[in-house]
Amino acid sequence: MRISNSEYRRPKAEGEIPLNSELRTPNSELFFLTKAAVWLIAGLALLCLAPLFLPRFYIYLLSVMLLYGLLASSNNLALGFGGIYQLHHAVFYGVGAYGSALMIVKSGLSPWLGFLVGPLVAAALGLVMGVICIRLSKLYFGMLQISLGSLVWVIVYRWYSFTGGDDGIHGITVPDLISTGQGAYYFTLTVTTLSMVAMYRVLKSPFGSALQGIRDNPVRSAMIGINVRRHQLLTLVIVAFFAGVAGTLFVVVDNTVFPDMLFWTLSMEAVIMCLLGGWLTFLGPMLGASLIVAIRTFVSTYTVYWALVLGIIFMLVIFFLPDGVLGWGESKLKPAKE
């Protein structure tokens with residue numbers, strides 16, 4: 001298994017007494033996990049109560065942060081924990097959104113059925129693109145995925161009679177239960193929480209352990225009997241499905257879809273969310289997405305060059321916090337191994 005920067009420690013000289021902060025006992029590990037669980041539950045409780053004291057605009061903003069956080073977390077499952085160069089993840093996000101929107105607008109069936117169709121269409125696209133790209137590795141995989149994703153974007157952008165072309169689709173009808181700002185927020189919060197729990201269970205399963213082993217040493221993993229390509233292909237389908245879920249949530253929150261949701265620049269933004277929050281941590285991409293949405297919203301009210309501010313912050317994080325903001329926080333709070 002790869003040793004992260006936070007886990008590396010200078011070898012102790014003979015007779016040197018370790019510092020208390022450098023000792024990790026089962027009790028201290030349990031205390032850290034308990035404290036993290038308490039903070040997590042407190043955060044969820046705060047999110048549940050947020051509509052009671054926040055204006056409508058901030059409820060909308062929280063909804064966008066949650067669905068972007070889900071998008072970045074699904075990207076990180078392949079990129080950070082699988083070592084797969086998932087460089088055009090937004091195409092699955094956009095296809096999921098368009099799948100749900102077209103099912104609602106064109107078929108006239110129940111929107112709830114459309115919400116199921118969107119992620120399934122994204123997963124099917126993930127399977128097709130995965131079968132084509134999986135024979136390549138690292139940067140070659142990423143470049144071919146960008147090419148195929150751009151092809152999908154062009155089809156959506158130019159097919160006016162079906163997708164609305166560059167105008168997109170607006171005024172998408174959603175069920176009355178989630179048609180209000182609060183209803184859409186609670187639906188987004190519930191689906192995002194369930195999706196994050198599902199991805200965490202995948203990561204902690206034997207499949208997730210094998211995936212991280214493939215990331216660290218694919219040759220050795222293949223030698224001990226792990227089917228590397230099958231694991232990577234299944235990972236691509238899983239992350240595409242959850243990206244499609246995030247796209248469907250955008251339909252619920254914004255009632256619109258447009259071609260930029262499939263453009264490669266959004267994919268790069270999702271990668272930055274992972275790196276900013278901490279790509280070796282499970283919740284880091286969620287934090288990174290929240291930071292970027294907040295910077296884009298509030299800084300852009302003062303200057304159109306908000307991306308310049310984001311670029312400076314990103315450079316500082318790369319130089320001084322290579323494990324991301326949450327990775328740095330964990331290294332400070334988590335007891336070290338003995």
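Colleague: Does Asp216 count as buried, partly exposed or exposed, and what is its relative accessibility?

Modeller: This is a predicted model, and every value here is computed from it. Asp216 counts as partly exposed because its relative accessibility is 24%, and the buried class ends at 20%.

Colleague: With which residue does Asp216 form a salt bridge?

Modeller: The general idea is that side chains of opposite charge can pair when their charged atoms come close. In this structure the partner of Asp216 is Arg215, and their closest N and O atoms are 3.0 Å apart.

Colleague: How many salt bridges does a search of the whole structure find?

Modeller: The search finds two. Besides the pair of Asp216 and Arg215, there is a salt bridge between the side chains of Arg296 and Glu269, at 2.8 Å from N to O. That pair links distant parts of the chain: Arg296 belongs to helix α12 (residues 284-299) and Glu269 to helix α11, with their positions 27 residues apart in the numbering.

Colleague: Are Arg296 and Glu269 buried or partly exposed?

Modeller: Arg296 is partly exposed, with a relative accessible area of 21%. Glu269 has 15% and is buried. The two values fall on either side of the 20% cut-off, so the labels differ: partly exposed for Arg296 and buried for Glu269.

Colleague: I would like to place this in the fold. How many helices and strands are there in the protein?

Modeller: There are 14 helices and two strands. The protein has 338 residues, of which 46% count as buried. For contacts between residues at least 6 apart in sequence, 78% join residues at least 24 apart.

Colleague: Take one residue of α11, then. Is Met273 buried or exposed?

Modeller: Met273, in helix α11, counts as buried, at 1% relative accessibility. Its C-alpha atom is separated by 5.4 Å from that of Pro285, a residue 12 places away along the chain. With neighbours within four places in sequence left aside, Met273 is in contact with Tyr68, Ala72, Gly284, Pro285, Gly288, Ala289 and Ile292.

Colleague: Next, a residue outside the helices. Where is the place of His88?

Modeller: His88 sits in the loop between α2 (56-79) and α3 (90-107). Its relative accessible area is 0%, so His88 is buried.

Colleague: Which side chain is joined to that of His88 by a polar contact?

Modeller: The side chain of Ser267, at 2.8 Å. Ser267 also appears in the contact list of His88, which leaves out neighbours within four places in sequence and holds Gln145, Ile146, Gly149, Ser150, Leu262, Phe263 and Trp264 as well.

Colleague: In which helix is His231 found, and what does its side chain reach?

Modeller: His231 is found in helix α10. Its side chain reaches the backbone oxygen of Asn227 at 2.9 Å. The relative accessible area of His231 is 18%, which means that this residue is buried. Residues up to four places away in sequence aside, His231 touches Phe207, Ala210, Ile214 and Ile226.

Colleague: Now to empty space. How many cavities of 30 Å³ or more are counted?

Modeller: A cavity is space where the probe fits but cannot get out, whereas a pocket is open. Here the count is one cavity, with a volume of about 30 Å³. The cavity is lined by Gln86, Phe92, Gly126, Met129, Gly130, Cys133, Phe141, Gln145 and Leu236. Two or more of these residues come from each of α4 (111-133) and α5. The largest share, four residues, is that of α4. By type, the lining divides into five nonpolar, four polar and no charged residues.

Colleague: What lines the second largest pocket?

Modeller: Its lining has 23 residues, and those nearest its centre are Gly82, Gly83, Ile84, Tyr85 and Lys138. The space in this pocket is about 590 Å³. At least two lining residues are supplied by each of α5 (138-158), α8 (206-216), α10 (228-254) and α11 (264-277). The largest share comes from α10, with three residues. The lining divides into 13 nonpolar, five polar and five charged residues.

Terms used
Residues numbered from 1 in each chain as written. Predicted model: local features only at pLDDT ≥ 70, side-chain atom pairs only at ≥ 80, totals over all residues. Heavy atoms only, no water. 1 Å grid on protein atoms, 1.4 Å probe; cavity = no way out; pocket = protein on both sides within 12 Å on 5 of 7 lines; lining within 4 Å. Points joined across faces, edges and corners; volume = space filled by probe spheres on them. Nonpolar A, V, L, I, M, F, W, Y, C, P; charged D, E, K, R; others polar. Buried < 20%, exposed > 50% of the residue type's maximum accessible area, 1.4 Å probe, protein only. Polar contact = N/O pair within 3.5 Å; in protein donor to acceptor, adjacent residues only side chain to side chain. Contact = heavy atoms within 4.5 Å. Salt bridge = Lys/Arg side-chain N within 4 Å of Asp/Glu carboxyl O.
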